[in-house]
Amino acid sequence: MTPPVPTPAIGGILFDKDGTLLRYDESWGPVNREAARIAAAGNAQLEPRLLIAGGMDPVTGQTMADSLLAAGNAAEIAEGFVAAGSPFEPETLAAELDALFVRAAEFSVPVTDLAPLFAQLKERGLKLGIASSDNEMAIRRTAEHFGIAGHVDFIAGYDSGFGAKPGPGMFLAFCDATGLAPAQVAMVGDNNHDMLMGRAGGAGLNIAVLSGTGTRETLSKLADHCVEDITALETVITAPRKTAAGE
Ligand SMILES: [Mg+2]
């Protein structure tokens, strides 16, 4: 059992997307390879070098925790690829990568059947949001593809105008949008930039999931709880059921 953490009454959950709602390696391995292919502009020898610079092993397909590819947004990945030898202008490459990430949304692999899980959390009266380093259109495409768009109260990407992780902007915008205080919100993610965003915003709970690129070792310092994946959220969030509100 995880040691008890004083649990505030949670009224909302803000989810990261990749590695949290979606399986990271299965969803993003092929996309990262395609991103490197685009960035290499026909130079096949450059492709593996770009992947390595981004934190992905071109042979095993595994991506390192908190690496550029695991945690960066398209603008940051483009800058990293250019620094590692891509001949593009960073802005041009970022636009190419954003377009790729929107196309990739429908090929992504979810951690679990998301629609019933989100319906169940919603049924408990929780406000739900997604805050990702991906672009907003790609997140919306993902939410629609997996049938959770109707259950989600808030979506923000790195291009939504609330700043990027690990800054608190997207977290605080979720609080604004839902009327919840930061202490009523649980932040759920697979990278330390999610946990840092939660801390910076004053989240009531920081919940790390081990379904992405992070590990118990990399995440436990900043997380109140580490759980295997989002199917275990019920074990650490004690939101009152609508019918048991104590009235
Ligand atoms: Mg993630």
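## A walk across the sheet to the magnesium site

Start by selecting Ala 208 and Cys 226: Ala 208 stands opposite Cys 226, which sits in β6. Keep in mind as you click around that this is a predicted model. The two strands here, β5 and β6, run parallel and are joined by three bridges.

**Stay on β5.** Select residues 205-209 and look at where the side chains go. Leu 205, Ile 207 and Val 209 point one way, Asn 206 and Ala 208 point the other way, and all are buried. Five of the five residues of β5 are buried, so the rest of the structure largely encloses this strand.

**Step over to β4.** Add residues 185-189 to the selection. β4 and β5 also run parallel, this time with four bridges between them. For a landmark, pick Ala 186, which stands opposite Leu 205 of β5. Now show α9 as well: β4, α9 and β5 together make a right-handed β-α-β unit.

**Zoom out to the sheet.** Which order do the strands take? Read across, it goes β3-β2-β1-β4-β5-β6, six strands in an open sheet with parallel pairing. At the edges are β3 (154-156) and β6 (225-227); each has a single partner strand, so one side of each is left without a neighbour in the sheet. Ignoring direction, neighbouring strands are turned against each other by 20° on average.

Head for the β3 edge next. Strand β2, residues 127-131, pairs with β3 in the parallel sense over three bridges. Select Ala 131 and you'll find Ala 156 of β3 opposite.

**Bring in the helices.** Colour α6, residues 114-123: this helix packs on the sheet, touching β1 (12-15) and β2, and its direction makes about 135° with that of β2. Then colour α9, residues 192-201, which packs on the sheet too. α9 touches β1, β2, β4 and β5, and its direction makes about 165° with that of β4.

**Now the metal.** Select the magnesium ion. Which residues coordinate it? They are Asp 16 (OD), Asp 18 (O) and Asp 190 (OD), at 2.1 to 2.2 Å. If you like to think in sequence patterns, the donors follow the spacing D-x1-D-x171-D along the chain. Asp 16 and Asp 190 bring distant parts of the chain together: Asp 16 is in the loop between β1 and α1 (24-40), Asp 190 is in the loop between β4 and α9, and they are 174 residues apart.

Are these two buried or exposed? Asp 16 has a relative accessible area of 5%; the cut-off for buried is under 20%, so Asp 16 is buried. Asp 190 is at 0% relative accessibility and therefore buried as well.

**Last stop: the rings.** How many aromatic pairs does a search of the whole structure find? It finds five. Select Trp 28 and Phe 101 to see one with centres 4.9 Å apart and planes at 70°, so this pair is edge-to-face. Trp 28 belongs to helix α1 and Phe 101 to helix α5 (residues 90-104), so to speak a link between distant parts of the chain, 73 residues apart. Both Trp 28 and Phe 101 are buried. Finish by adding Tyr 24 to the selection: ring pairs link Tyr 24, Trp 28 and Phe 101 into a cluster.

Methods: Residues numbered from 1 in each chain as written. Predicted model: local features only at pLDDT ≥ 70, side-chain atom pairs only at ≥ 80, totals over all residues. Heavy atoms only, no water. Pairing = 2+ DSSP bridges. Axes fitted to C-alpha atoms, helices over the stretch in contact; angles between N-to-C directions. Contact = heavy atoms within 4.5 Å. Donors = N, O, S within 2.8 Å, 3.2 Å for Na, K, Ca; no water. Buried < 20%, exposed > 50% of the residue type's maximum accessible area, 1.4 Å probe, protein only. Phe/Tyr/Trp six-rings, centres within 6.5 Å; stacked < 30°, edge-to-face > 60°. Right-handed = clockwise from strand over helix to strand, strands pointing away.
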